[in-house]
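This briefing is arranged by topic and is meant to be read beside the model. It begins with a working term, and then moves from the whole chain to single residues.

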Amino acid sequence: MSRPTGDEFEIEFEAEVEAELDLAVASEPGPAGPPASEWLFDPADVEREEVELRNLLGAAEELEADPRSRGTGTGTGTGAGTGEGA
């Protein structure tokens, strides 16, 4: 079994986040939904998860759009220990 390349990983990651986001949106109760005592999830928690998923999706799309960001590590401490940025 081969490991996915960077591009394949990004595509799979983005598809997985989009599927989770679709699931979160579909689970939102409508205005005539069940009473609060019958909720399986707190709507505030669902909304927070949706925001987090949208942030992840935006990050994945940014990585896809900006090839310069590849291979730069975590993005924090750039130049640390290399003499750059000092």
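Contact here means heavy atoms within 4.5 Å. In that sense, and leaving aside neighbours within four places in sequence, Leu57 is in contact with Glu14, Val17, Glu18 and Leu21. The model is a predicted one, and its chain has two helices and zero strands.

**Chain as a whole**

- Of the 86 residues of the chain, 13% count as buried, while the chain exposes about 7000 Å², of which carbon and sulfur atoms supply 56%.
- When contacts between residues at least 6 apart in sequence are considered, 74% of them join residues at least 24 apart.

**Helix α2**

- Helix α2 covers residues 43-65; with its 23 residues it reaches 33 Å from the first C-alpha to the last, which is close to the 33 Å expected at 1.5 Å a residue.
- At the start of α2, the backbone nitrogen of Ala44 has a side-chain oxygen of Asp42 within 3.0 Å.
- The buried residues of this helix, α2, are Val46, Glu50, Leu53, Leu57 and Ala60, a list that contains the acidic residue Glu50.

**Nonpolar core**

- The largest nonpolar core has five residues in all, namely Val17, Leu21, Ala24, Leu53 and Leu57.
- The elements that give two or more residues to this core are α1, which spans 6-26, and α2, and α1 gives the most, with three residues.
- Leu57, a core member, lies in helix α2 and counts as buried because its relative accessibility of 12% falls under the 20% limit.
- Of the residues that Leu57 contacts beyond its sequence neighbours, which include Val17 and Leu21, Glu18 can also be placed by distance: the C-alpha atoms of Leu57 and Glu18 are separated by 7.1 Å, although the two residues are 39 apart along the chain.

**Glu14 and its contacts**

- Glu14 has its place in helix α1, and with a relative accessible area of 13% it is buried, since the limit for that class is under 20%.
- Not counting residues up to four places away in sequence, Glu14 touches Leu57, Ala60, Glu61 and Glu64; two of these partners, Leu57 and Ala60, are themselves among the buried residues of α2.

**Salt bridges**

- The structure holds two salt bridges, and in each of them both partners lie in helix α2.
- One of them joins the side chains of Arg48 and Asp45, with a distance of 2.2 Å from N to O; these residues are three apart in sequence, about one turn of the helix.
- Both Arg48 and Asp45 fall in the partly exposed class, which lies between 20% and 50%, because the relative accessible area of Arg48 is 47% and the relative accessibility of Asp45 is 40%.
- The other joins Arg54 to Glu50, whose closest N and O atoms are 2.9 Å apart; this pair is four residues apart, again about one turn of the helix.
- The Arg54 and Glu50 pair is mixed in exposure, because Arg54 counts as partly exposed at 45% relative accessibility, whereas Glu50 counts as buried at 13%.

**Arg54 beyond its salt bridge**

- Arg54, whose place is in helix α2, is also in contact with Leu21 and Val25 when its neighbours within four places in sequence are left aside.
- Leu21 is therefore a residue with links to two members of α2 described here, since it is in contact with Arg54 and with Leu57, the latter being buried at 12% relative accessibility.
- Arg54 and Val17 are 37 residues apart in sequence, yet their C-alpha atoms are 8.1 Å apart in space; Val17, for its part, is one of the residues of the largest nonpolar core.

Methods. Residues numbered from 1 in each chain as written. Predicted model: local features only at pLDDT ≥ 70, side-chain atom pairs only at ≥ 80, totals over all residues. Heavy atoms only, no water. Salt bridge = Lys/Arg side-chain N within 4 Å of Asp/Glu carboxyl O. Buried < 20%, exposed > 50% of the residue type's maximum accessible area, 1.4 Å probe, protein only. Core = buried A, V, L, I, M, F, W, Y, C linked by side-chain atoms within 4.5 Å. Expected span 1.5 Å × (residues − 1). Polar contact = N/O pair within 3.5 Å; in protein donor to acceptor, adjacent residues only side chain to side chain. Areas by Shrake-Rupley, 256 points an atom, 1.4 Å probe, with all protein chains shown as cover.
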